[in-house]
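Here are my notes on this model, point by point. Please read them with the structure open.

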Amino acid sequence: MIEGIGATDFPADGGRATRQRHAKQERAYAELDRLWARGREVLGCDLAIMGGAMTWVSERNLVAAISKAGGFGVIASGSMSPDLLSNEIQATQAMTTRPFGVNLITLHPELLQLIDVCAAHDVGHVVLAGGLPSSAAVSRIKRSGARVFCFAPALGFARKLVRMGVDAIVIEGNEAGGHIGPVSTGVLAQEILPHLDGVPVFVAGGIGRGEAMLAYLEMGASGVQLGTRFVCAHESIAHPRFKRAFICAAARDAVASVQLDPRFPVIPVRALNNSATEQFVDVQRRVIDRFARGELSQKAAQLEIEHFWVGALRRAAVDGDIEAGSLMAGQSVGFVTREQSTAEILEELVGQALDALASRSERACQGTPWSAPALLGGQGARE
Ligand SMILES: Cc1cc2nc3c(=O)[nH]c(=O)nc-3n(C[C@H](O)[C@H](O)[C@H](O)COP(=O)(O)O)c2cc1C
């Protein structure tokens, strides 16, 4: 033995195990790159992970942090005026040279002016949320040279959006935080991914770990969008009490808002259960009683119900009033267990996906414990 070098420095297998481990990691990296190549290309970043826009939370600090860490941050413009949006874009551009997007709500009364603000600042990606956009809005964004992303709640909508010329689709399932549709992410993914090849599709809602992200990529998604997992990032400006509520919550605490009477529709929102959730049911009951007694018109009753949540997200996320405000959160809140840096959250997601790919290739090397004929119940199964 050479002086100073212990027996353990020379692995008995001549380093074969280490080389095999590295080879498996290399294969996992290559496979992940292959799976989300289209997503990375359309976003122009390293990781095809979008930080879903969250009103009051997705502002310059979180957006820049996500983009700097290799993901794709998206500013939530919410009800911002064109001037406020202009400031926010400039402030974000001052913090990062990496690409990021802006989320605009289609119902905003100044939508076209907001689009022009994005164009004036050379924003490369505009995400249109809150309903089917007009073709005027889509073509105005495209004329500016930016890419247009839209949400599709069903395959028919997705196809229509593709015909309108959008560059990518986001499908968001019912598990997500904030305003939600009726269908789960898993079902939407099965409905849309196998049939929509023309544009990249990003899957959102309920994704908390890398294995889930990988599963959607393997089903044909080009990337994913996460919101809830980024709320407790160090760089997120959400109020400490808002963050604490997320850290303490389990998946089952993130509930969809309840509608008492179909004559008075309630826009479904998923949020953590708190006093406001219960109070909202009481308010609806009282309003419906007054309508039944003829004390309120249907329109006035509907307005009173809708008024309940006005400003509620700001009260919770900015002011920290976690009882009277709206704690919008997805079911993936169960995976939020501590404050972490944005880079750490992204690394964790990618690491989990890579580990899943590597351990699968390890199982493949060891041979499968079953045979295809056995699963199919064919002749091989009986032999
Ligand atoms: C607090 C909060 C606010 C949100 N605000 C918006 C918004 O303003 N616009 C939007 O398109 N989506 C909004 N969302 C949805 C996210 O962009 C994202 O699609 C969603 O959070 C993904 O699901 P997940 O929460 O399970 O990760 C919000 C979500 C949360 C949790």
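1. **Burial and helix 3.** A residue is buried if 20 or more other C-beta atoms lie within 10 Å of its own, exposed if 12 or fewer, and partly exposed in between, with C-beta atoms placed from the backbone. Helices (H or I, at least four residues) and strands (E, at least two) are DSSP runs, numbered from the N terminus. Helix 3 (residues 60-68) has seven of its nine residues buried, so it is largely enclosed by the rest of the structure. The buried residues are Arg60, Leu62, Val63, Ala64, Ala65, Ile66 and Ser67. After helix 3 comes Gly70, with a positive phi near 105 degrees.

2. **Basis of the model.** The model is predicted: local features need pLDDT of at least 70, side-chain atom pairs count only at pLDDT 80 or more, and totals for chains, interfaces and linings use all residues. Residues are numbered from 1 along each chain as its sequence is written.

3. **Overall picture.** The protein has 383 residues, of which 41% count as buried. Its secondary structure comes to 16 helices and 11 strands. The C-alpha trace spans about 95 × 55 × 45 Å along its principal axes.

4. **Strand 2.** Five of the five residues of strand 2 (residues 72-76) are buried, so this strand is largely enclosed by the rest of the structure. Phe72, Val74 and Ala76 point one way; Gly73 and Ile75 point the other way. In general, side chains in a regular strand alternate between the two faces of the sheet.

5. **Neighbours of strand 2.** Two strands pair if DSSP finds at least two bridges between them. Strand 1 (residues 49-51) pairs with strand 2 in the parallel sense, over two bridges. Met50 stands opposite Phe72. The chain crosses from strand 1 through helix 3 to strand 2, and this β-α-β crossover is right-handed. That term applies if, with the strands pointing away from the viewer, the path from the first strand over the helix to the second runs clockwise. Strand 2 also runs parallel to strand 3 (residues 101-105), joined by three bridges. Ile75 has Val102 as its bridge partner there. Strand 2, helix 4 (residues 82-95) and strand 3 form a right-handed β-α-β unit.

6. **Strands 4, 5 and 6.** Strand 5 (residues 147-151) is mostly covered, with four of its five residues buried. Strand 4 (residues 125-129) runs parallel to strand 5, and four bridges join them. His125 stands opposite Arg147. On the other pairing, three bridges join strand 5 to strand 6 (residues 168-172), again parallel. Phe149 is matched with Ala168 in strand 6. Helix 6 (residues 135-143) links strand 4 and strand 5 in a right-handed β-α-β unit. Helix 7 (residues 155-164) does so for strand 5 and strand 6, also right-handed.

7. **The antiparallel sheet.** An open sheet of three strands has the order 7-11-10, with antiparallel pairing. Strand 7 (178-179) and strand 10 (254-256) are the edge strands, each pairing on one side only. Two bridges join strand 7 to strand 11 (residues 269-272). His179 has Val269 as its partner in strand 11.

8. **Nonpolar core.** Such a core is a set of buried Ala, Val, Leu, Ile, Met, Phe, Trp, Tyr and Cys residues joined through C-beta atoms within 7 Å. The largest holds 101 residues, and Val126, Ile169, Ile171 and Val224 touch the most other members. Helix 14 (residues 342-366) gives the most to this core, with six residues. Domain 1 (24-238 + 336-364) and domain 2 (250-328) both contribute residues, so the core lies between them. The domain bounds come from an automatic or database domain assignment.

9. **Ligand shell.** How many residues surround the ligand? There are 27, and the closest are Gly52, Gly177, Gly178, Gly227 and Gly330. Counting here means a C-beta atom, placed from the backbone, within 6 Å of the molecule. By class, the shell has 11 nonpolar, 13 polar and three charged residues. Ala, Val, Leu, Ile, Met, Phe, Trp, Tyr, Cys and Pro count as nonpolar, Asp, Glu, Lys and Arg as charged, and the others, Gly among them, as polar.

10. **Arg244.** This residue sits in helix 10 (residues 240-248). Arg244 is partly exposed, with 15 other C-beta atoms within 10 Å. Arg244 and Ile322 are 78 residues apart in sequence and 9.7 Å apart in space, C-alpha to C-alpha.
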